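Trainee: I should like to understand how the terms used for this structure are justified. May we take them in turn and set each value against its definition?

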Amino acid sequence: MILTRFYDEKLAQASYLLGCARSGHAIVIDPNRRVGQYIDAAEQAGLKLIAVTETHIHADFVSGSRELAERSGARLYLSGAGDANWQYAYAEESGAELLREGSVIRIGEIRIDVLHTPGHTPEHLSFVVTDGAVATSPMGVVTGDFVFVGDVGRPDLLERAVHVAGSAATSARTLFESLQRFKTLPDHLQIWPGHGAGSACGKGLSAVPQSTIGYERLFNQAFRFTDEAAFIHEVLSGQPEPPKYFAEMKRINKMGPPVLGGIRRPVRLPEARLPRLLKDGAFVVDTRTAADFAAGHVPGTISLPLNKSFTSWAGWLLPYDRDFYLIIDERVAPGVEGVVRDLAMIGLDRIGGFFGAEAVETWGTSEGPLEVTRQLTLAELDERRRAGALVLDVRNGNEWDAGHIPGAKHIPLGYLPESLAQIPRDVSIVVHCQGGGRSAIAASILQAHGHKNVQNLGPGFGGYQSAGMPVEGES
């Protein structure tokens, strides 16, 4: 058997190609929208894709299953195990075969047995893999968002992201039941999960790419619980804020992701177009580094640096219902194509065009002064607070609960755009997060909405706490 793992760092998402060397056939499980990588890998291995499937209706990226099946001619397999609200709306028109508990997919001498493992979502499946060329019993399980290395899939997304009231506890109970069944599988079975560290689909995912059921039984906290109530309390406590775009991903992946036919490069716009766009209220995102943005940026633009968190914050902050525009330094990786690809991964396809980094310099010489974002030191913080500055903490709720600056106001970054009315315009604002990255984005949002006296606390709460300064709520 040939097994290839694909991993997207920005999504912390894994997908898998399983191929039978004897038959020359292969299947891809949980593909993302970069479908060319699977087609290329199959060709290089001398394999023909005959099947595409996924573990569940994903919430954190746009599925590539539909497009990969269409482009490769492979058969599409989708879960039919959910209730009426958790069925794939496009399954029939795509000719998909529906999978349920006990279904079997055969790829040459590879046997894939389907387990219904609900809890993270009602329709979730796991795939037990047997390499029939060398064995008569399974070697591993593709677990999707059911079991991770060191954690399990969070059961609260239906309630917190998709707003199905009261579903978190019910889903947690179902997840507990699924785990009890899963524990009966042999210890030697490998676990091939759908996510790694950095994903918002759990709270304690390991960066280790795979594990075994036996190892997780020993060291995964979720496996240790025998009391249902205690498990429910633990699995629902301390979960990170689910990004707002998760609800949009669920809708897209349920109804049917558009088939792109490849990632297209947007048109480059002339610098002279930028002033009119901003005057008309266009949403313009500057993807240069946070330091470059702070040193000088076009007034009215939002900072979203091209780092590991780019995709996540784009999903939180960029609009799905209208065009938006980008400022991209084409000399810096990943370039225009890379940026567009990252946005397409979460369904942000409405790029009206882009400007080169030269647009910033042109603005400074032809339209007026560039705006700067002052970086505040810890030594300056007390002085600003004594002068009446508002300290705005944009970290997540669990970070705030663990300790925060006395007197600070708390609004997590993802909710800042809809909470601007809570922030007075007649005071100086000092924004901070843990290390200065999220607060730099927050400062740009405040400035773009007309706040003139905004500073970013560069060392963040981490530097503040390390300096021994007073903290409230510290656990």
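Mentor: We begin with contact, which means heavy atoms within 4.5 Å. Helices (H or I, at least four residues) and strands (E, at least two) are DSSP runs, numbered from the N terminus. The model is predicted, and local features need pLDDT of at least 70, side-chain atom pairs count only at pLDDT 80 or more, and totals for chains, interfaces and linings use all residues. Residues are numbered from 1 along each chain as its sequence is written, and side-chain values use heavy atoms, with hydrogens and water left out.

Trainee: What covers the buried residues of α11?

Mentor: The cover includes α8, β15 (283–286), α12 and α16 (437–448). The residues beneath this cover are Phe310, Thr311, Trp313, Ala314, Gly315, Trp316 and Leu317.

Trainee: Why is helix α11 described as largely enclosed?

Mentor: Seven of the eight residues of α11 (residues 310–317) are buried, so the helix is largely enclosed by the rest of the structure. Buried means under 20% relative accessible area, exposed over 50%, and partly exposed in between (1.4 Å probe, protein chains only). Threonine 311, a residue of α11, has a relative accessible area of 2% and is therefore buried. Beyond its neighbours within four places in sequence, threonine 311 is in contact with Lys10, Leu11, Asp342 and Ile346.

Trainee: What makes histidine 297 buried, although a loop holds it?

Mentor: The label depends on accessibility: at 1%, histidine 297 falls under the limit and therefore counts as buried. Its loop runs between α10 (290–295) and β16 (302–303). Residues up to four places away in sequence aside, histidine 297 touches Asp286, Arg288, Val360, Leu370, Glu371, Val372, Thr373 and Gln447. With leucine 370, which is 73 residues away along the chain, the C-alpha separation is 5.3 Å.

Trainee: How do you know whether serine 178 is buried or exposed?

Mentor: Its relative accessible area is 4%, so serine 178 is buried. This residue has its place in helix α4 and touches Thr117, Pro118 and Phe146, when residues up to four places away in sequence are not counted.

Trainee: How is the packing of α4 against α7 described?

Mentor: Two packed helices are described by the angle between their axes and the distance between the axes. Axes are lines fitted to C-alpha atoms, for helices over the stretch in contact, and angles run from 0 to 180 degrees between N-to-C directions. The axes of α4 (residues 167–182) and α7 (residues 228–236) come within 9 Å and cross at roughly 115°. Residues of α4 that meet α7 include Ala168, Ala172, Arg173 and Phe176, and their counterparts in α7 include Glu228, Phe231 and Val235.

Trainee: Why is the pair of arginine 173 and glutamate 228 called a salt bridge?

Mentor: A salt bridge is a side-chain nitrogen of Lys or Arg within 4 Å of a carboxyl oxygen of Asp or Glu. The two side chains meet at 3.4 Å, N to O. Arginine 173 lies in α4 and glutamate 228 in α7, so the pair ties together parts that are 55 residues apart in sequence. Arginine 173, at 34%, is partly exposed, and glutamate 228, at 28%, is partly exposed as well.

Trainee: How many salt bridges does a search of the whole structure find?

Mentor: The search finds 31. One of them joins glutamate 330 to arginine 265 at 2.8 Å, N to O. Glutamate 330 is in the loop between β17 (324–328) and α12 (335–344), and arginine 265 in the loop between α8 (245–255) and α9 (274–279), so this pair ties together parts 65 residues apart in sequence. Both residues belong to a salt-bridge network with Arg268, Glu271, Glu337 and Glu358.

Trainee: What makes aspartate 280 exposed, while its partner arginine 276 is partly exposed?

Mentor: Aspartate 280 has a relative accessible area of 55%, which lies over the 50% limit, whereas arginine 276, at 47%, falls in between. The closest N and O atoms of their salt bridge are 3.5 Å apart.

Trainee: Why does phenylalanine 219 count as exposed?

Mentor: Its relative accessibility is 51%, so the label applies. Phenylalanine 219 is in helix α5 (residues 213–219).
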